[in-house]
Each structure stands twice: as structure tokens, then as C-alpha cells.
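Thanks for coming. Please have the sequence and the structure open while I talk about charged side chains.

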Amino acid sequence: MKKRQMVIKQRPRNSNTSSSWTTTTSSATSNVRYVECQKNHAANIGGYAVDGCREFMASGNEGTVEALRCAACGCHRNFHRKEVDTEVVCEYSPPNA
């Protein structure tokens with residue numbers, strides 16, 4: 001999961017008043033899931049057949065080579081379809097008048 005935060009400050013329109021600053025804060029959170037396996041097991045004979053594995057399950061702990069291998073079908077994680085869910089939250093504070 002990645003989380004990014006960005007703060008944007010705008011300069012006041014009237015340079016004589018410093019109380020008219022606005023602040024906008026936004027953060028984005030991304031969740032990555034690997035779902036069904038799309039490896040074609042019959043490609044070498046000119047056909048098309050998938051194994052039916054519905055979701056990637058890591059064989060080992062994160063940071064190891066086994067974490068890239070699926071425990072259910074034995075395929076590499078790259079053969080599984082990647083789904084990315086991104087959530088963006090923006091907060092706005094109006095200028096003090």
C-alpha cells in the first residue's frame with residue numbers, strides 16, 4: 001500500500017493581507033491485488049487453457065523469492081491479473097476572511 005500526501009498553498013491575492021491564504025491537502029492510497037491466473041498452459045501446442053486459479057496467494061514471506069510464486073497454482077505473480085484500487089482524499093481550508 002502506497003500513501004502519498006501533497007500540500008498546496010496559494011499566495012494571497014492581495015499582498016497587504018496575509019490572512020487570505022488557502023490550504024489544500026490531498027492524499028492518495030493505492031491497494032494492489034492480484035486475482036485470477038491468466039497463464040496459458042496449452043500455448044506450446046497451440047491451444048488455450050488456464051488452470052482456474054482465482055487469486056494469488058504468496059508461497060513465502062514478503063521480500064523472499066517465494067513471495068512471487070503462487071501457493072495455489074505455482075505460477076509467478078506476473079501471470080495473475082493486477083487490480084489497483086486508488087482512493088484520493090482532498091481537504092480544503094478556505095481563506096480566513
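Start with R81. In this predicted model, R81 has a relative accessible area of 31%, so R81 counts as partly exposed: above the 20% limit for buried and not over the 50% needed for exposed.

What does R81 pair with? One partner is E36: the two side chains form a salt bridge, with 2.7 Å from N to O. E36 belongs to strand β2 and R81 to strand β3, so this pair ties together parts of the chain that are 45 residues apart in sequence.

R81 also meets E83 in a salt bridge, and here the N to O distance is 3.4 Å.

Now move to E83. Its side chain also meets that of R33 in a salt bridge, at 3.8 Å from N to O. This pair again links distant parts of the chain: E83 sits in strand β3, residues 80–93, and R33 in strand β2, residues 22–37, with the two positions 50 residues apart.

Are these two residues buried, partly exposed or exposed? E83 is partly exposed, at 25% relative accessible area. R33 is partly exposed as well, with 41% relative accessibility.

As general background, side chains of opposite charge can pair when their charged atoms come close.

How many salt bridges does a search of the whole structure find? The search finds three. To put the pairs together, E83 and R81 meet in a salt bridge, and through shared partners the salt bridges join R33, E36, R81 and E83 into one network.

That is the end of my part.

Technical notes
Residues are numbered from 1 along each chain as its sequence is written. This is a predicted model: local features need pLDDT of at least 70, side-chain atom pairs count only at pLDDT 80 or more; totals for chains, interfaces and linings use all residues. Side-chain values use heavy atoms; hydrogens and water are left out. A salt bridge is a side-chain nitrogen of Lys or Arg within 4 Å of a carboxyl oxygen of Asp or Glu. Helices (H or I, at least four residues) and strands (E, at least two) are DSSP runs, numbered from the N terminus. Buried means under 20% relative accessible area, exposed over 50%, partly exposed in between (1.4 Å probe, protein chains only).
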